[in-house]
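Trainee: I've got a model open and want to know how its labels are justified. Can we go through it together?

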Amino acid sequence: MPRSEPIKAARGVHDILPADLPRWRAAQRAAEETATRYGYEEIITPLIEQAELIERIGADTDAVSKELYRFEKRGTQNLALRPEATAGVVRAYFENGLNQGPKPSRLYLIGPMFRYDKPQQGRYRQFYQFNVEVIGGGSPGFDAEVIELAQEWLTEVGLQDLRLEVNSIGDSRCRPAYLEKLKEYYRPLQSQLGGDSQLRLERNPLRLLDSKVPHEQQFKQNAPKINDHLCEECAAHWSMVKRLLDAAEIEHEVNPYLVRGLDYYTRTVFEFYPGGATGQQDALVAGGRYDGLAEAEGWPSTPGVGFAGGIDRVTEQIDATAIPPRPAADVVVLPDGELPLEAAEVARICRSVRSVAVDYEPKSLAAKMRLANRLGAKWVVLLTPDEASRRMARVRDMSSGAQEQLDWAELPTRLA
Ligand code: HAM
């Protein structure tokens with residue numbers, strides 16, 4: 001029979017290995033601690049949602065139009081894997097009556113998201129996000145609060161050198177008039193635009209400012225800027241957000257072209273990048289206000305603001321040496337010869353005070369010692385048939401090389 005090729009992981013996904021997990025967990029722990037310090041409560045929503053809920057994010061959002069993992073129709077519902085969490089958190093807020101409780105709700109969620117994205121470093125088809133959402137709060141104080149929380153999270157995981165970009169993209173009152181101006185500006189340039197941008201010109205002109213095509217960058221410079229065209233309310237909100245950021249000494253750059261890839265944003269939008277990043281680098285954290293999303297989902301109009309940070313991307317930025325790996329086991333039990341019952345019993349005794357691994361394989365003692373070294377064990381417990389018959393063992397301190405013979409009953413005290 002011909003041997004088949006080994007089956008590899010699906011394209012664009014990645015395994016998180018034991019060597020990466022200390023950094024991964026550090027990022028997650030810092031997320032939980034920071035969110036808790038700001039009074040946010042955890043929520044977990046399903047990885048699957050009705051496709052229609054996701055579609056309400058906006059038909060022109062790439063995560064919906066191009067990247068959504070849809071299921072074959074099962075029963076009566078069309079389902080999809082969530083590409084982001086905000087739509088589901090807003091749904092859960094109303095569906096479970098959190099809107100009847102104290103306002104606003106401050107929620108955080110950590111979990112996987114799925115997008116049929118072009119796989120590359122830092123861009124995966126299953127990736128993990130730390131989401132923070134304030135639902136039921138329209139004041140600019142909440143915008144600044146989530147930005148401060150995001151910065152504190154990134155700083156806490158050791159990423160000091162950050163660049164924060166902010167913008168206001170107005171709301172349903174002031175944006176339509178601005179979009180007309182933007183279209184007027186771009187129409188004479190239409191023949192010079194690429195295919196994607198030509199489509200955006202009529203369907204979603206704001207995203208023209210978001211174009212990654214090199215030769216289209218020059219057109220932005222003279223394009224009308226949204227934050228010169230805000231209505232009075234949006235302008236007041238925007239000015240207060242900037243004042244709050246200044247008062248909190250949060251360095252930020254106003255980027256009038258920052259528009260974000262999801263269509264539900266109103267007013268404040270922001271993105272955090274690694275400090276040294278230039279050009280088209282991907283954001284570590286991104287978010288903004290979404291005052292129209294609840295209504296788009298069919299619920300009463302309710303303001304909201306939040307962000308999501310990419311745990312994969314943040315973990316990749318953490319210096320691997322900053323978080324030393326823990327040894328897989330403090331103690332390795334090495335029987336010299338075939339002593340599976342005795343070795344298992346000694347391991348059980350030691351496990352009351354330490355993490356313990358056993359080498360059951362019939363290898364030479366030298367080979368077993370090499371394994372103990374590679375595991376980073378602090379102690380090795382050696383066991384010969386003669387010692388085992390007397391319920392004795394030798395404890396070897398791996399850093400000093402000192403060895404002493406003990407009764408099994410003495411092991412917990414010695415290793416504690
Ligand atoms: P987003 O910009 O689509 O926003 O994603 C937020 C973050 O998730 C990105 O900055 C990045 O760190 C990470 N991310 C996105 N796509 C990938 C990918 N393919 N691979 C690895 N990491 C990725 C949202 O998802 C909004 N729901 C954020 C939000 C919450 N706005 C308000 N509340």
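Trainee: What distance separates the centres of domain 1 and domain 2?

Mentor: The centres, taken over C-alpha atoms, are 50 Å apart. Keep in mind that this is a predicted model. Domain 1 covers 21-174 + 230-321, and domain 2 covers 331-415.

Trainee: What makes β13 and β14 a strand pair?

Mentor: Two strands pair if there are at least two bridges between them. Strand β13 (residues 379-383) and strand β14 (residues 392-397) have four bridges, in the antiparallel sense, so they count as a pair. Leu 382 sits opposite Arg 394 in β14.

Trainee: Why do β12 and β15 stand at the edges?

Mentor: The sheet is open, with five strands in the order β12-β11-β13-β14-β15. β12 (356-358) and β15 (403-407) each have a single partner strand, so one side of each lacks a neighbour in the sheet. From one strand to the next, the twist averages 25 degrees.

Trainee: What makes the Tyr 265 approach to the ligand a polar contact?

Mentor: The cut-off is 3.5 Å between N or O atoms. A polar side-chain atom of Tyr 265 lies 2.6 Å from a ligand nitrogen atom, so the pair qualifies. Gln 129 passes too: one of its polar side-chain atoms is 3.0 Å from an oxygen atom of the ligand. For Ala 283, a polar backbone atom is 3.1 Å from a ligand oxygen atom.

Trainee: How much of the ligand's accessible area does the protein cover?

Mentor: The protein covers 95% of the 660 Å² that the ligand has on its own. β5 (126-135), β9 (285-289) and β10 (304-310) each give two or more residues to the surrounding shell.

Terms used:
Residues numbered from 1 in each chain as written. Predicted model: local features only at pLDDT ≥ 70, side-chain atom pairs only at ≥ 80, totals over all residues. Heavy atoms only, no water. Domains from an automatic or database assignment. Axes fitted to C-alpha atoms, helices over the stretch in contact; angles between N-to-C directions. Polar contact = N/O pair within 3.5 Å; in protein donor to acceptor, adjacent residues only side chain to side chain. Areas by Shrake-Rupley, 256 points an atom, 1.4 Å probe, with all protein chains shown as cover.
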